[in-house]
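Colleague: Could you take me through one part of this model at close range, starting with a strand pairing and working outward to the packing and the charged pairs? I'd love one connected account.

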Amino acid sequence: MTGYDCLIVGGGPAGLTAAIYLARYHLRTVVLDAGCSRAGLIPLTRNHAGFPEGIAGPELLARMRQQAKQFGAEVRTGEVRRIDRDNRDGFVAANDSAVFRARTILLATGVVNRRPRLLDDAEHATALSAGLIRYCPICDGYEVTDRVVAVIGTGQRGCDEALFLRSFTRLVTLVAPEGDHALDAEQRERLAGAGVTLARSYSRIELGDSRISLTLADHAVDFDSVYPALGSEIRSQLARPLGAEMSDEGCLVVDTHQRTTVSGLYAAGDVVLGLDQISHAMGEGGVAATTIRNDLAERSLLLR
């Protein structure tokens, strides 16, 4: 059972940035990647600095993995099933094939978007790659400027996303996920004032060459893009048995240096409450790695 200075759970932008930093600090670092980073689903991101023509999410992650390995970090495929404290003031983590001991753990496990119903996996992948389904108006609201857009959602989340997109296009429809909308009077007033159309639940989704159709009431309506505003599942379950503090939604609570409330356990990226952006995740990964390095140095564990 190999010992590491840091074991990083998650091979997305946060985890891989941290791996690059830690490896360049001469720390023994391993990344365990289950291969489900949301960044890997991005067909082309155009707001990531340094890539004016855009870069595909899988290509960005591949470059980051190569960079981390170049400086000595290990990057392994596998899903961590459990993390426990060991008797040496460190941690033991296990996946399906191996056990790892580490002085510190960085959780960069991210979140999973809740998908719209009535789309199977293959259809969802097709729609995502064609820009017919989009999940991040901060990332790609620009791409739907003056286009016909639907938001599937309701309540505060749906209202906020529809109003956010309204600054890119006047053609926004807010579609309830199921049945009637759960909107209060103030939300309805704000949406009406912005010219957002309200529609009851859809009964069918169909994909065309360049359009996505929702059946609303008894007729199909074509849209250029659909944004599911259905929330997400936060992958913070590995921290729960360790006693880490979490928000009501399940995000890990950290200090300004990415430390959780459990000594030696750090978190970065979308699993922490904040702006769900590649650049933000990378920044948190850099902060977390530097904090880990400095915390280990205080314990006189980095002398060469």
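Modeller: Happily: R85 has F91, in β5, as its bridge partner. That pair belongs to the meeting of strand β4 (residues 82-85) with strand β5 (residues 91-94), which run antiparallel and are joined by four bridges. Strands count as paired if DSSP finds at least two bridges between them, and the elements are DSSP runs numbered from the N terminus (helices are H or I with at least four residues, strands E with at least two). β4 and β5 make a hairpin with five residues in between, and D89 in the turn has a positive phi of about 60°.

A word on the ground rules: this is a predicted model, with local features needing pLDDT of at least 70 and side-chain atom pairs pLDDT 80 or more, while totals for chains, interfaces and linings use all residues. Residues are numbered from 1 along each chain as its sequence is written, and side-chain values use heavy atoms, leaving out hydrogens and water.

From the hairpin we can move to the packing. The largest nonpolar core (buried Ala, Val, Leu, Ile, Met, Phe, Trp, Tyr and Cys residues joined through side-chain atoms within 4.5 Å) has 27 residues, and I83, L107 and L252 are among those with the most contacts inside it. β5 is one of the strands that each supply at least two residues of this core, as are β1 (3-9), β2 (29-33), β6 (99-107) and β16 (265-267). The biggest share comes from β6, with four residues.

β2 also holds T29. T29 is buried, with a relative accessible area of 2%; buried means under 20%, exposed over 50% and partly exposed in between, using a 1.4 Å probe and protein chains only. Leaving aside neighbours within four places in sequence, its contacts (heavy atoms within 4.5 Å) include Y4, C6, I8 and E74. A polar atom of the T29 side chain lies 3.0 Å from the backbone oxygen of L27.

E74 leads on to the charged pairs: its side chain meets that of R76 in a salt bridge (3.0 Å, N to O), meaning a side-chain nitrogen of Lys or Arg within 4 Å of a carboxyl oxygen of Asp or Glu. E74 is partly exposed at 29% relative accessibility, and R76 is partly exposed at 34%. By this rule there are 19 salt bridges. One of them joins D276 to R38, with the closest N and O atoms 3.3 Å apart. This pair links distant parts of the chain, 238 residues apart.

Technical notes:
Polar contact = N/O pair within 3.5 Å; in protein donor to acceptor, adjacent residues only side chain to side chain.
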